[in-house]
Each structure stands twice: as structure tokens, then as C-alpha cells.
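Biologist: Got a minute to walk through this one with me? I'd like to go from the overall fold down to the side chains.

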Amino acid sequence: MFNDIGPLELVTLIVLAVLVFGPEKLPKVIQDVTRTIRKIREFSESAKNDIREELGPEFKDFEFEDLNPKTFIRKQLDNEDLGLKEIRNGFDLKKEMAEVTDAVHSRDSDTSSSSSSGSSGGRIDMTKKPELPDRDDRPPFDADAT
């Protein structure tokens, strides 16, 4: 419950509680707070049990923590029925990236040699080449723009 409170913060809270309530009333306040927390926990457990009973026997193993979206997605992705582990293990990102890198580097060296030989060796030239307009081609004239 108080996992994110450090030791210095805890000491500060204790000193503040002693100053606010005084040493005489502090034990009574602590008892009241713990009693209230206990009642809230009992109430929430009772509500959870009532909901489980209303849902029926098929939701007997239902956990309310599964309603958290992160937990739900993690649980669904770890499900063996979907076969996602085989897909994830079959896909090697480093290998795929290495193949793409090799293809890019070899394509760059092949384009310089293929331009002199005239054939691309069965590969498609993916480099973008600017198109040179013919001398007689004029750009379109828009009378409304001038």
C-alpha cells in the first residue's frame, strides 16, 4: 500500500502526526485509521464476492486485476491457443534488417556497374532518377495565376 513512500517521507509524516494530534491523542487516531482501513477492505472483498456469485460458476476464477488493460493484454498475448509465441520466435528482426541492409548496399554497388553494362541483372532499379523534359515541352500556363 505504501510502497512508494521512502524512509525520510515516513519520518516526516510521523513527526507531522505527532505535532498535529499530540502524543496523547496519536494512539487513538492510529487505531481509528486502521479500523477504517480494515472496514474498507472487508467491504471491497464482500462486494467482489457478491459480484462473483452473481456472475455464476463459469466466472469462479475471475480476477478483478484482469480488468486492468495492461494485465488483460499481457494475459491474452501469453495465451498458448493463439500461437503468437511461434510467430514471435519465427520472426528474427536482426536477420531481416541484415538482409535489407545487404540488399541496399549491393543495390548501390550494382547500380554503378549496371549503368555501364546496361543490364540490371534481374533486379529492379529503385533509385529515383529525375525526368528531363523535352525542349519543346513548356510548363503549363495558367492565365488565372498571373
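Biologist: What pattern does the protein follow, read along the sequence?

Modeller: Keep in mind that this is a predicted model. The protein has four helices and zero strands. Read from start to end, the pattern is therefore α-α-α-α.

Biologist: How much of the protein counts as buried?

Modeller: For a residue to be called buried, its relative accessible area has to be under 20%. The accessible surface comes to about 13800 Å², with 59% of that belonging to carbon and sulfur atoms. Out of 146 residues, the buried share is 5%.

Biologist: Which residues are linked in a network of salt bridges?

Modeller: Start with D32, whose side chain meets that of K28 in a salt bridge at 3.3 Å, N to O. D32 also forms a salt bridge with R35, where the closest N and O atoms are 3.1 Å apart. D32 takes part in both pairs, so the linked residues are K28, D32 and R35.

Biologist: Why are D32 and R35 separated by about one helical turn?

Modeller: Both sit in helix α1. The separation is about one turn because, along that helix, D32 and R35 are three residues apart.

Biologist: Is K48 buried, partly exposed or exposed?

Modeller: K48 pairs with E45 in a salt bridge of 4.0 Å, N to O. Partly exposed runs between the 20% and 50% cut-offs. K48 has a relative accessibility of 24%, so K48 counts as partly exposed.

Biologist: Which residues make the nonpolar surface patch?

Modeller: One member to look at is L16, in helix α1, residues 7–55. A patch residue needs over 30% relative accessible area, and L16 has 49%. The patch covers about 390 Å² and is made by L13, L16, V20 and F21.

Biologist: And which residues form the negative surface patch?

Modeller: Take D102, which has its place in helix α4, residues 93–117. The cut-off for exposed is over 50%, and D102 has a relative accessible area of 53%, so D102 is exposed. The full patch is D92, E96, E99 and D102.

Biologist: How many Å apart in space are I30 and A17, C-alpha to C-alpha?

Modeller: I30 is found in helix α1 and is partly exposed, at 48% relative accessible area. In sequence, I30 and A17 are 13 residues apart. In space, their C-alpha to C-alpha distance is 9.7 Å.

Technical notes. Residues are numbered from 1 along each chain as its sequence is written. This is a predicted model: local features need pLDDT of at least 70, side-chain atom pairs count only at pLDDT 80 or more; totals for chains, interfaces and linings use all residues. Side-chain values use heavy atoms; hydrogens and water are left out. Patches are made of residues with over 30% relative accessible area and no salt bridge: like charges are joined within 9 Å, nonpolar side chains (Val, Leu, Ile, Met, Phe, Trp, Tyr) within 5 Å. Accessible areas come from the Shrake-Rupley method with a 1.4 Å probe; for residues, only the protein chains shown count as cover. Helices (H or I, at least four residues) and strands (E, at least two) are DSSP runs, numbered from the N terminus. Buried means under 20% relative accessible area, exposed over 50%, partly exposed in between (1.4 Å probe, protein chains only). Lys and Arg count as positive and Asp and Glu as negative; His and the chain ends are not counted. The place of a charge is taken as NZ of Lys, CZ of Arg, CG of Asp or CD of Glu.
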